[in-house]
Amino acid sequence: MSATDNLQSARDLAKGLAAGRLGSRDLLEQHLARIKECNAAVNAVVAVDIDQARIRADEADAAIHRGECWGPLHGLPMTIKDTWEVPGMPCTAGAPEYANHRPQQPAPVVRRLQQAGAIIFGKTNVPYKALDIQTDNPVYGLSRNPWAPELTTGGSSGGAAAALACGFTPLEVGSDIGGSIRIPAHFCGVYGHKATHGMISMRGHIPADPGHIGEPDLGVAGPMARSADDLALLLDIITVPPPGTQPGWRLDLPPPRHDGLADFRVLMWTDDDDCPIDSRLASAYGDLAAQLSQAGAKVSRGAPANLGLMDLYPSYTLQMGALMKAWLTRGERMAKGMVAPAMGWTPALLRTLAKVMDSPKCIDKFVEGMTMSHSRWLNVLENSLVLRERFITAFEQYDVILAPPTMTTAFPHDASLFATRKLMVEGRSRHYSDLFMWIAPATVLGLPATSAPVARTAQGLPVNVQIIGAPYDDRRTIQFARLLSEMRGEVLAPIAGRR
């Protein structure tokens, strides 16, 4: 067995395990050895259950020798984001109040992984309650970017993205409401897919509190990996109906339909005056457009259905404000610097101040979301549906829409109060909340979006593109990511620190 078996794709590893060419116990030990060697520098994996993983790996090897196969991930070791409930392991979501939380039942997503034969041996780091674009918390501390330790991994699936980039795991399952899959994948140079809203159960995920049984608005789960092919493999496994919907619930995703880039009609949506992007990203996307045209794709530029970011972002911030009010206590909101009604701020006052102050875009909408009535909430949801109907008409002309995951590459760690953080982009001070603007459209409209590596900056930092598709066209966006990787000649994302 090669010492680098653990650096292959998940699909190849699964094939080797099923054929008996690889051993589950040996593969587990390879991953554990790599974590022991490299994890201290990045702090991506924060909890492990080695004893049970070894027992299960030995059982997997014995089953193969008997001619048995547990499923498509038989004996494959993997980690999972520390927001998913796994019996026998902690599930803290980076929150001290959950430090002793030991789930008794697996989340439906976790159950599907285990039924497919996967061996979940570790948990990866997240921000406090998974609510930041940096990964740091009072329980496990700070995670560092594998490509540049002084920079963030992104969040909230920052530990997951870093673990993939380091070769600590072949697969991960992230969650995304504020770009929590797409942005860490971009910052760490791996693949991540935000699924169409509602097709993967979020029960057994924090937030909300442990034991919460409702499925959240905006929030979704999705696969993360080092190849687009592995995204497709994992998506089919974790697509599970919410409890209580069986046996009537059924999902039949359409096939990708296109086999080559020349078949695709592509809209490049990378410019918006309300959220201009870093010149390094702009250059990478310009090169990508040229490469796609050379490959035969029909490439256009502009905003989908003439909808700009500020046509969509207000609805996103309204709904996020409502969710933050539901998920966080008053003290937690104050501690994170979220403007609260108790401080005397009102949407009308904030709108007035915005005329004379440099305030975050739509801060008034965020506060309105925390104070809105139920009838106003229903109107907000209706408006989102109207916007969705308008936006998806763009898919009558285009197969995919390409957009930045966010406005910049990975940036330095910042432990200051969330609401006061600023970023320098092209010499201009930008509000931290601008990081959410490019992920907002796919989130508020419930659309699938794949974050795929497309370039490196001169400094060696990863650059991803966000591939947005029509509702339930998840397989198409992942297929497009796979074709991009073939065009680039880099089907597997490179391993950070590989010797």
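**A sheet and the helix packed on it**

Me: In which sense do strand β5 (residues 191-194) and strand β6 (residues 220-225) pair?
Reply: Happy to help! This is a predicted model, where local features need pLDDT of at least 70, side-chain atom pairs count only at pLDDT 80 or more, and totals for chains, interfaces and linings use all residues. Residues are numbered from 1 along each chain as its sequence is written, and side-chain values use heavy atoms, leaving out hydrogens and water. Strands (E, at least two residues) and helices (H or I, at least four) are DSSP runs numbered from the N terminus, and two strands pair if DSSP finds at least two bridges between them; β5 and β6 share two bridges, and their sense is antiparallel.

Me: Which residue in β6 is the bridge partner of Gly192?
Reply: Strands of a sheet pair through backbone hydrogen bonds, either parallel or antiparallel. Look in β6 for the bridge partner of Gly192, and you will find Met224.

Me: Which are the edge strands of the open sheet?
Reply: Eight strands make up this sheet, with mixed pairing, in the order β4-β6-β5-β12-β13-β9-β7-β8. An edge strand here pairs on one side only, which is true of β4 (171-176) and β8 (298-301).

Me: Is Pro453 buried or exposed?
Reply: Pro453 sits in strand β12. Buried means under 20% relative accessible area, exposed over 50%, and partly exposed in between (1.4 Å probe, protein chains only). At 8% relative accessibility, Pro453 is therefore buried.

Me: How do the directions of α8 and α15 relate to each other?
Reply: Axes are lines fitted to C-alpha atoms, for helices over the stretch in contact, and angles run from 0 to 180 degrees between N-to-C directions. The axes of α8 (residues 279-294) and α15 (residues 474-488) come within 12 Å and cross at roughly 90 degrees. Angles under 35 degrees count as roughly parallel, over 145 as roughly antiparallel, 65 to 115 as roughly perpendicular and the rest as oblique. So α8 and α15 are roughly perpendicular.

Me: With which side chain does the side chain of Asp473 make a polar contact?
Reply: Asp473 lies in the loop between β13 and α15, and at 6% relative accessibility it counts as buried. A polar contact is a pair of N or O atoms within 3.5 Å; within protein, one must be able to donate a hydrogen and the other to accept it, and residues adjacent in sequence count only if both atoms are side-chain atoms. For the side chain of Asp473, the partner at 3.0 Å is the side chain of Arg257.
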